[in-house]
Amino acid sequence: MKNFQIPQKEQLSEANQSIFNQLEKGIGYVPNLFATFAHSENGLSTYMGLQNAKSSLKAKEKEVVSLVVSQYNKCLYCLSAHTAVAKLNGFNDEQILEIRKVNISFDSKLSSLANLVQEAVSKKGEISDEAKENFFNEGYTEGNLVDVIIAIGDKTITNYLYAVTKIPVDWPIAAEL
């Protein structure tokens, strides 16, 4: 199989170099998975636009979506990255494992979200009426549901890119379940 190389900034177009500069300023480095998007002239900017788009979901809710989808898809890269980001957003190790197991005891609203996401990914979007009812009963709206589906799509893109490339994980490795 072809090994994917991580592109270096000097190998890229000015547009992708500019995005690398923004990432370096924002998080201190360019994560390997983001760099891999730069193999495509438009891939990195397209993905960054999706990731940085406005959403009705709060940061913690986005992390729940990311962790549940990445666990379902067994994406070590994204599990590792989102474990680190989830900690920055206030989740502890035990809560992160509960989220990944879709067995959240510490927050009923996040539990309804995790269950809905799990159904969406495992049933290819065919979410049961019960899961939707639980989601809406916890205070989520139809707009939130749309944003959840967009967040699932976002994470599926990165999960699949990692699955295809198997680039090195440059985050602390997430614990196994």
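**Exercise 1.** Leaving aside its neighbours within four places in sequence, with which residues is N16 in contact? Place N16 in its helix and decide whether it is buried or exposed.

*Solution.* The model is a predicted one. Begin with the secondary structure, where N16 is found in helix α1, which covers residues 14-27. Next, once neighbours within four places in sequence are set aside, the contacts of N16 are A38, S40, E41 and L44. Finally, turn to accessibility: the relative accessible area of N16 is 2%, and since buried means under 20%, N16 is classed as buried.

**Exercise 2.** Describe the largest pocket by its volume, its central residues, its contributing elements and the classes of its lining.

*Solution.* The volume of the largest pocket is about 740 Å³. Its lining consists of 34 residues, of which F34, Y47, Q51, E63 and H82 are the closest to the centre. The elements that supply two or more residues to this lining are α1, α2 (32-37), α3 (43-51), α4 (59-72), α5 (76-88) and α9 (142-165). Sorted by class, the lining of the largest pocket holds 19 nonpolar, nine polar and six charged residues.

**Exercise 3.** Which elements give two or more residues to the lining of the second largest pocket, and how is that lining divided by class?

*Solution.* The second largest pocket encloses about 160 Å³ of space. Its lining residues include S80, T83, A84 and K87, together with D93, I96, L97 and R100, and also P172, I173, A174 and A175. The elements giving two or more residues to this lining are α5 and α6 (93-101). By class, the lining of the second largest pocket comprises seven nonpolar, two polar and three charged residues.

Key:
Residues numbered from 1 in each chain as written. Predicted model: local features only at pLDDT ≥ 70, side-chain atom pairs only at ≥ 80, totals over all residues. Heavy atoms only, no water. Helix = DSSP H or I, 4+ residues; strand = E, 2+ residues; numbered from the N terminus. Buried < 20%, exposed > 50% of the residue type's maximum accessible area, 1.4 Å probe, protein only. Contact = heavy atoms within 4.5 Å. 1 Å grid on protein atoms, 1.4 Å probe; cavity = no way out; pocket = protein on both sides within 12 Å on 5 of 7 lines; lining within 4 Å. Points joined across faces, edges and corners; volume = space filled by probe spheres on them. Nonpolar A, V, L, I, M, F, W, Y, C, P; charged D, E, K, R; others polar.
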